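Good morning, colleagues. I should like to take you through one chain today, moving from its strand pairing to its interior.

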Amino acid sequence: MSTPAHNTAKSASSTSAPAKAASPSSADNASNAGKTTIEDAVVAKVVGIATREVPGVYALGGGAARALGAIRDVVGNTDLTQGVSVEVGEKQVAVDITLVVEYPSPLKGVADQVRSAVYGAVEKLVGLDVVEVNITVSDIHIPSDDKSSDTQDSAKAIEGSRVE
């Protein structure tokens, strides 16, 4: 769902013209100042960070992506764009997010908070208008599942250490 890597956003650079001519409040002069290109990966990273900051979001991505992400995390190479797909145009962006919600967080409430966080972050940090944020909740995380598997792993380790 990605478009070509070079998409334009609102121009933000200035020229060597006198201070009055390069004033940020002057829309006409700002458009003549140059071209700013924001890569899809940058927008996806902003979306991933904003999504992870929402309470109730356990992880991003589907099952296979999360398994690969767990391996990346172990080696210290976290992929902040995992579970995020963006389509960036010259002035607008569309976002698709796949996530796992922490139980017992309300699914619709978490999705609404994620949507709001993404709209705010992209519009504030990137300067593009967000036309839509589609969210797929692929799973819920139950903390007791982690505890029971950790307990089983510990029991197996103890049993293994008793062998002569």
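Which residue in β6 is the bridge partner of aspartate 96? The partner is asparagine 134. Please bear in mind that the model before you is predicted.

That pair belongs to a longer register. Strand β6, residues 129-141, is joined to β5 by 11 bridges, and the two strands run parallel. Between them the chain passes through α4, and the resulting β-α-β crossover is right-handed.

On its other pairing, β5 meets β4. Here five bridges connect the strands, which run antiparallel. β4 and β5 form a hairpin, with three residues between them. Within this pairing, valine 88 has valine 93 of β5 as its bridge partner. β4 also has two distinct faces: Val84, Val86 and Val88 lie on the covered one, while Ser85 and Glu87 lie on the uncovered one.

For context, the chain contains five helices and six strands. In sequence order, they follow the pattern β-α-β-α-β-α-β-β-α-β-α. Of the contacts between residues at least 6 apart in sequence, 72% join residues at least 24 apart.

Let us turn to helix α2. It covers residues 40-52, 13 in number, and extends 18 Å from its first C-alpha to its last, close to the 18 Å expected. Its buried residues are Asp40, Val43, Ala44, Val46, Val47, Gly48, Ala50 and Thr51. Against which elements do these buried residues pack? They pack against β3, β4, β5 and α4.

Valine 47 illustrates this packing in detail. Leaving aside residues up to four places away in sequence, valine 47 touches Val84, Val86, Val95, Ile97, Val118 and Val122.

This brings us to the interior. In soluble globular proteins, nonpolar side chains tend to be buried together. In this model, the largest nonpolar core has 28 residues, and the members touching the most others are Val43, Val47, Val86, Val93, Ile97, Val114 and Val122. At least two core residues come from each of α2, β3, β4, β5, α4 and β6. The largest share, seven residues, is supplied by α4. The crossover helix between β5 and β6 is thus also the element with the largest share of this core.

Finally, two values for the whole chain. Of its 164 residues, 27% count as buried. The exposed area is about 10,100 Å², of which carbon and sulfur atoms supply 54%.

Thank you for your attention.

Terms used. Residues numbered from 1 in each chain as written. Predicted model: local features only at pLDDT ≥ 70, side-chain atom pairs only at ≥ 80, totals over all residues. Heavy atoms only, no water. Helix = DSSP H or I, 4+ residues; strand = E, 2+ residues; numbered from the N terminus. Expected span 1.5 Å × (residues − 1). Buried < 20%, exposed > 50% of the residue type's maximum accessible area, 1.4 Å probe, protein only. Contact = heavy atoms within 4.5 Å. Pairing = 2+ DSSP bridges. Right-handed = clockwise from strand over helix to strand, strands pointing away. Core = buried A, V, L, I, M, F, W, Y, C linked by side-chain atoms within 4.5 Å. Areas by Shrake-Rupley, 256 points an atom, 1.4 Å probe, with all protein chains shown as cover.
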